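Here are my notes on the model, set out point by point. Please read them with the structure open.

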Protein chains: 2
Amino acid sequence: MADKRVTIADVAKATGVSPGAVSRILNNDPTLNVRDETKETVRRAIVELGYVPNPQARGLRLARSGSLAMIVPEINSPAFVAIIQGAQRAAFELGYSMLIGGIGEEGEDPNLAARILSSNRVDGFLISTGKQEARQLAAVQRLGAPAVLVNRYLNEQFPHVILDDEAGVMLAIRHLAELGHERIGFLGSTRRFLGTRRLAGFKRGLTQCGLRLDKRFIVNCGYDREGGEAGAHAVLALADRPTAIFATNHLVAAGALRVARQLGLSVPGALSVISFYDGPVADLLTPAVTSIAYPLDQLGYDAVRMLVRLITGETPTAAGITIRPTGLVIRQSTGPISE
Amino acid sequence: MADKRVTIADVAKATGVSPGAVSRILNNDPTLNVRDETKETVRRAIVELGYVPNPQARGLRLARSGSLAMIVPEINSPAFVAIIQGAQRAAFELGYSMLIGGIGEEGEDPNLAARILSSNRVDGFLISTGKQEARQLAAVQRLGAPAVLVNRYLNEQFPHVILDDEAGVMLAIRHLAELGHERIGFLGSTRRFLGTRRLAGFKRGLTQCGLRLDKRFIVNCGYDREGGEAGAHAVLALADRPTAIFATNHLVAAGALRVARQLGLSVPGALSVISFYDGPVADLLTPAVTSIAYPLDQLGYDAVRMLVRLITGETPTAAGITIRPTGLVIRQSTGPISE
DNA sequence: CTGAAAGCGCTTACAG
DNA sequence: CTGAAAGCGCTTACAG
């Protein structure tokens, strides 16, 4: 049953129309002039026969592979699972398959994309570089293949889908300010592009809440637990240490929580911690971490749609999409100072 | 440059051989009789011209899509990231792409596989069902399409790759016994197939270490944090409560840790906790959790290789592969009783 | 033994 | 306006 492949010829035979016409009807060819009635008949036959176009034949003819590659960094950020999920959904809906490369590859290969491209199996790329950001992006640009940056940024022209980092961080700061915090630390990057956007949100948030910016509270740290630990040590060693910390992801937050524990600072009694990104890990930390929620699956979803537009040459949307936060998920790591 | 697709005809022209012969050389056709010298020439030309076979044309001709689908449950178990990663790697090496379905789909669709299959784009399935295990497996079986169960089991005949649950759990029990624990709890499933394998390991481990089995310490619980909390409450409420707990995954372990905290039981001073699976989450829990390490990427890798064998009809390997644990990763959640 | 030719299932330029 | 025919890049049964 599954072996009886129905082809376009079967549909043609069943309806007395030429295969070419069926194809045209299928693809809504505007140059086709045929009675609506005929179109209806063909459409009905397609459903009845259970005809599904063969993507290989289509791809061969159109010189398209029908698959996309997503290059992701080592999954140090749990955010990627949600992003990949959204991307997969969009790809499936649009008839593309997706190949995920680079996950946890030891030492990211800046030529990974080139290697995949030359394998003849991919029409375009979703790119989320990891450590070697600059080199990777340069390599992608050199390829000249359709590509969309996912949660990464090169310049305004290069297609990208990113989060509204600034708006999210402002929500976080406002939450902390409402709890009475006045001295807030920032653990993240002051150099990477997305880091500076978060830092901008941090500063604007403080200003908006009438709080003073203390540069000693801003720490440029690595995006892993060790980075969080180092950063937390730095700000918590200060005599007038912050009473709250913004962490740029869950790993950094986990590091901060660990240091707080070591220093005997109860969370949130003596120190509040809030994290960028919401996700399953936030709930597993101790205490569970308040975080900024974004529809991360949407990020992947929109990126794929944008990429497919690029590939098919449809009217391009804007070169950039920004995903707004949906709010905060308030858990046990933030509260008023009580000690 | 990327547009100048090199085809088999180019190779043929460059070497003065027919395209058919090039194809035969490429695929090591044993019926082909040609001088080794010619083969060498062709092979060299392939490299020089940078010829890469077009998988679409190949697929069209062979009636194969060149892609696989992996059906995964909602990613409640962090184990899946590693499994997917290994599967992707194998798929890429073998020239297949992979499509991941079902991640976090609301209410898993038992017909998801059928839907994907009818989309004409997949040669076979990697199956890791979630909640509706029985129904999903039945649906897959009905499909009749090549499929391999990943970390799931139906019967000895149906192709599967699973972990050596028993050996792993025995390692865990021995570790606890060596720390002096005599009363050990089991939080997992006593019904699901894999659960019973772990339970068997638990029992054998106790026997091997000369420990007595106390049935009250065995709790059938859900595989999420809430399940872990419920299970931990059940065993820790006992007057002669266990001094150590085996948890069937990290979420269950997280639940157990949370209950221990609520009850004022220090870990590992008053209670040790050990978890199945090692992974990034283990290190983020408080305290970081000792766990049983398996090469999970290998699980995905082997499953893809097995599936491709099934598809191509190559000499089938055994219907089942069992992946052995690589050992324990000892962290802060296990230790001798000190309180 | 080996090379030419058919055909996989589509799409679309082109002839009628 | 519309249908027949060519061709995308492979593989392999088949004729020579």
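The points below cover the basis of the model, the two DNA strands, the contact between the protein chains, and two residues inside them.

1. Basis. This is a predicted model, in which local features need pLDDT of at least 70 and side-chain atom pairs count only at pLDDT 80 or more, while totals for chains, interfaces and linings use all residues. Residues are numbered from 1 along each chain as its sequence is written, chains are lettered from A and ligands numbered from 1 in the order in which they are written, and side-chain values use heavy atoms, with hydrogens and water left out.

2. Residues around DNA strand D. There are 20 residues around DNA strand D, and those that come nearest are A:Asn33, B:Ser23, B:Arg24, B:Arg58 and B:Arg61. A residue is counted as near a strand if one of its heavy atoms lies within 4 Å of it. Sugar and phosphate make up 64% of the atoms of DNA strand D that come within 4 Å of the protein.

3. Phosphate contacts of DNA strand D. A polar contact here is a pair of N or O atoms within 3.5 Å; within protein, one must be able to donate a hydrogen and the other to accept it, and residues adjacent in sequence count only if both atoms are side-chain atoms. The side chain of B:Ser23 has an N or O atom 2.5 Å from a phosphate oxygen of DNA strand D. For B:Arg58, a polar side-chain atom lies 2.7 Å from a phosphate oxygen of this strand, and for the side chain of B:Asn27 the distance is 3.2 Å.

4. Elements at DNA strand D. Helices (H or I, at least four residues) and strands (E, at least two) are DSSP runs, numbered from the N terminus. Helix 4 (55–62) of chain A, helix 2 (19–26) of chain B and helix 4 (55–62) of chain B each supply at least two residues of the surface near DNA strand D. Helix 4 of chain B gives the most, with four residues. The surface has eight nonpolar, seven polar and five charged residues. In this scheme Ala, Val, Leu, Ile, Met, Phe, Trp, Tyr, Cys and Pro count as nonpolar, Asp, Glu, Lys and Arg as charged, and the others, Gly among them, as polar.

5. DNA strand C. Around DNA strand C there are 20 residues, of which A:Ser23, A:Arg24, A:Arg58, A:Arg61 and B:Asn33 come nearest. Sugar or phosphate holds 61% of the atoms of DNA strand C within 4 Å of the protein, and the rest belong to bases. Backbone atoms take part: an N or O of the A:Ile8 backbone is 2.9 Å from a phosphate oxygen of DNA strand C, and a polar backbone atom of A:Asn54 is 3.3 Å from one. The side chain of A:Asn27 also has an N or O atom 3.3 Å from a phosphate oxygen of this strand. Helix 4 of chain A gives the most to the surface near DNA strand C, with four residues.

6. Size of the chain contact. How many residues does each chain bring to the contact? Chain A and chain B each bring 42 residues, contact meaning heavy atoms within 4.5 Å. About 3800 Å² is buried between them, 56% of it from carbon and sulfur atoms; buried area is the accessible area (1.4 Å probe) that two parts lose on being put together, summed over both. B:Gln56, B:Asn120 and B:Leu284 supply 18% of the area that chain B buries against chain A, more than any other three residues.

7. Polar links between the chains. Two salt bridges are counted between chain B and chain A, each a side-chain nitrogen of Lys or Arg within 4 Å of a carboxyl oxygen of Asp or Glu. One joins B:Asp283 and A:Arg225 at 2.6 Å, N to O. Across the interface there are 10 residue pairs in polar contact, with both residues at pLDDT 80 or more. Helix 4 of chain B gives the most to the side of chain B that touches chain A, with five residues.

8. Two buried residues. A:Thr290 is in strand 10 (residues 290–293) of chain A and counts as buried because its relative accessibility is 0%. Buried means under 20% relative accessible area, exposed over 50%, and partly exposed in between (1.4 Å probe, protein chains only). A polar atom of the A:Thr290 side chain lies 2.8 Å from the backbone nitrogen of A:Arg331. B:Phe246, in strand 8 (residues 244–247) of chain B, is likewise buried at 0% relative accessibility. Its contacts include B:Val169, B:Leu187 and B:Ile292.

How values were computed:
Lists of a residue's contacts leave out its neighbours within four places in sequence.
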